[in-house]
Structures are given as structure tokens and as C-alpha cells.
Amino acid sequence: MRHLFLLTSLTAAFVWAGCNSSTTAPAPAASGSSPATNATNPAVAAATTTNASQPAWNMKDKVIKTDAEWQAALTAEQFRVLRKHGTERAFTGALWENHEVGTYLCAGCGLPIFGSDTKFESGTGWPSFFQPLQQGNVGLREDNTFFSRRIEVHCARCEGHLGHVFEDGPKPTGLRYCLNSAALKFEKK
Ligand SMILES: [Zn+2]
């Protein structure tokens with residue numbers, strides 16, 4: 001039940017963020033306060049409706065590739081984790097022990113998804129974070145494989161599998177985003 005509640009509440013938050021961005025064009029506040037001619041110029045409309053609560057990418061820019069294209073673009077381990085929902089063995093990834101200051105990007109499409117300021121020592125052997133950079137940059141869905149009910153975390157732009165989120169993280173969120181190093185690229189600040 002707790003997991004289901006988490007999924008429902010987090011999904012609601014994500015959908016809300018997604019709705020905000022996908023409805024920028026017909027948003028009543030934006031169109032009402034701007035001249036009607038602005039609506040014909042997507043760049044102007046986007047610039048005037050940008051705010052911090054929106055994802056750092058445009059929903060129209062979803063990254064969609066075939067398995068063959070992903071295989072050509074990724075290493076075998078990245079492909080296994082990102083595209084086939086694989087999990088790397090604990091304490092074997094490149095980033096679980098990374099303490100550098102910087103940004104963690106999706107290894108599939110390069111979208112910035114987590115920051116070093118929300119990374120913490122979970123003791124699990126996987127890179128762990130208590131909060132994404134922006135809610136709209138990661139998606140959640142229920143994962144019932146391996147005889148357990150977990151919440152899967154994926155990149156919202158390319159749908160690449162990143163890991164899972166659990167409710168035993170530190171404050172302020174109480175969440176633990178348990179990710180695979182292979183699904184991430186680290187960009188030092
Ligand atoms: Zn991605």
C-alpha cells in the first residue's frame with residue numbers, strides 16, 4: 001500500500017509538471033496577457049511562459065530510437081541497463097563512490113537529471129539521490145518484476161531506465177533514488 005501511495009502521489013506530481021509544459025501554448029494566463037500575435041511565434045510563446053517549475057526540456061523533443069540505433073549509440077552495459085531495464089551489480093559501477101561536485105546526466109540522451117548536492121551515502125553500492133534536479137526530467141512507473149512491487153525511475157526524455165525509488169531516503173524528501181552508474185554520465189562542475 002505504501003508503495004502504491006508513493007506511486008500515485010509522485011505520478012500525480014509528474015503528470016502535473018508534464019501537463020504544465022504540454023499546455024504552454026493554450027495556457028490561459030499566457031495567452032490572456034500577451035498579444036494574440038505572440039501565439040503564432042512558438043519561440044516567443046516559449047520564452048514568455050518559461051518558469052522554474054517546468055522541465056528543462058520541451059516535451060516535443062522526446063528522444064525515440066530503435067533498439068538497433070540505441071545499440072549503436074551505447075556501450076553494451078549502458079544498453080542492458082537503459083534499454084533492457086538491467087541492474088548493475090552493487091559496488092561495481094563508476095559513480096556510486098563519486099564525490100565530485102557536478103551534474104549527473106542521462107547516459108542515453110544527455111538530459112541533466114540529478115545534482116551532486118542531492119547525492120548521499122546510502123551504503124547500497126549504487127549512486128543514491130534524495131531528489132531529481134527537476135521533477136519533470138524523470139518519470140516513474142510501477143515495476144512488479146522479481147516478485148516485488150517497486151517504483152521504476154526513468155529519464156522522461158528518452159525513457160531510459162535509471163533505477164528505482166524507495167521511501168527510506170534522508171530528509172527533506174525521505175526518498176532514495178537508487179540509480180545505476182551505467183545509466184548516468186557525470187559532468188564535473
Ligand atoms: Zn534520457
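## A tour from Gly 110 outward

Start by selecting Gly 110, which lies in the hairpin of strand 1 and strand 2 and takes a positive phi near 85°. There are 5 residues between the two strands of this hairpin. What you see is a predicted model: local features need pLDDT of at least 70 and side-chain atom pairs count only at pLDDT 80 or more, while totals for chains, interfaces and linings use all residues. Residues are numbered from 1 along each chain as its sequence is written.

Before moving on, colour by secondary structure. The chain has 5 helices and 9 strands. Helices here are DSSP runs of H or I with at least four residues, strands are runs of E with at least two, and both are numbered from the N terminus. Along the sequence, the pattern is α-α-α-α-α-β-β-β-β-β-β-β-β-β.

**Stop 1: the sheet around the hairpin**

Select residues 102-106, which are strand 1, and residues 112-115, which are strand 2. The two run antiparallel and are joined by 3 bridges. Two strands count as paired if DSSP finds at least two bridges between them. Now add strand 9: an open, antiparallel sheet of 3 strands appears, in the order 2-1-9. Strand 2 and strand 9 (184-188) are its edges, each pairing on one side only. From one strand to the next, the twist averages 35°. This angle runs from 0 to 180 degrees between N-to-C directions, with axes fitted as lines to C-alpha atoms.

Strand 1 and strand 9 are joined by 5 bridges and run antiparallel. Which residues are the bridge partners of Thr 103 in strand 2 and in strand 9? In strand 2 the partner is Gly 115, and in strand 9 it is Glu 187.

**Stop 2: the sheet of 6 strands**

Next, show strands 3 to 8. They form an open sheet in the order 3-4-8-7-6-5, with antiparallel pairing. At the edges are strand 3 (119-120) and strand 5 (138-143), each of which pairs on one side only. Strand 5 pairs with strand 6 (residues 150-155) over 6 bridges; Asp 143 has Arg 150 as its bridge partner there.

Zoom in on Cys 178 in strand 8. Ser 128 stands opposite Cys 178, and so does His 164. Strand 4 (residues 128-129) is joined to strand 8 by 2 bridges, and strand 7 pairs with strand 8 over 4 bridges. In a regular strand the side chains alternate between the two faces of the sheet. Both faces of strand 8 are covered: Arg 176 and Cys 178 are buried on one side, Tyr 177 and Leu 179 on the other. Buried means that 20 or more other C-beta atoms lie within 10 Å of the residue's own; with 12 or fewer the residue is exposed, in between it is partly exposed, and C-beta atoms are placed from the backbone. By this count, 29% of the 189 residues of the chain are buried.

**Stop 3: the core**

Select Cys 106, Ile 113, Cys 155, Tyr 177, Leu 179 and Ala 183, which have the most contacts inside the largest nonpolar core, a set of 32 residues. Such a core is a set of buried Ala, Val, Leu, Ile, Met, Phe, Trp, Tyr and Cys residues joined through C-beta atoms within 7 Å. Among the elements that each supply at least two residues of this core are helix 5 (76-84), strand 7 (161-166) and strand 8 (176-179).

Centre the view on Cys 155. Leaving aside neighbours within four places in sequence, its contacts include Cys 106, Gly 108, Cys 109, Ile 113 and Leu 162. Two residues are in contact if their C-beta atoms, placed from the backbone, lie within 7 Å.

**Stop 4: helix 5 and Leu 74**

In helix 5, the buried residues are Gln 78, Phe 79, Val 81 and Leu 82. The elements covering them include helix 4 (67-73) and strand 7. Just after helix 5 comes His 85, whose phi is positive, near 55°.

Go back to Leu 74, in the loop between helix 4 and helix 5. Leu 74 counts as buried because it has 20 C-beta neighbours inside 10 Å. Neighbours within four places in sequence aside, Leu 74 is in contact with Phe 79, Leu 82 and Gly 108.

**Stop 5: Glu 121**

Finish in the loop between strand 3 and strand 4, where Glu 121 is found. Is Glu 121 buried or exposed? Glu 121 is exposed, because 10 other C-beta atoms lie within 10 Å. Draw a distance from its C-alpha atom to that of Glu 97, 24 residues apart along the chain: the separation is 8.3 Å.
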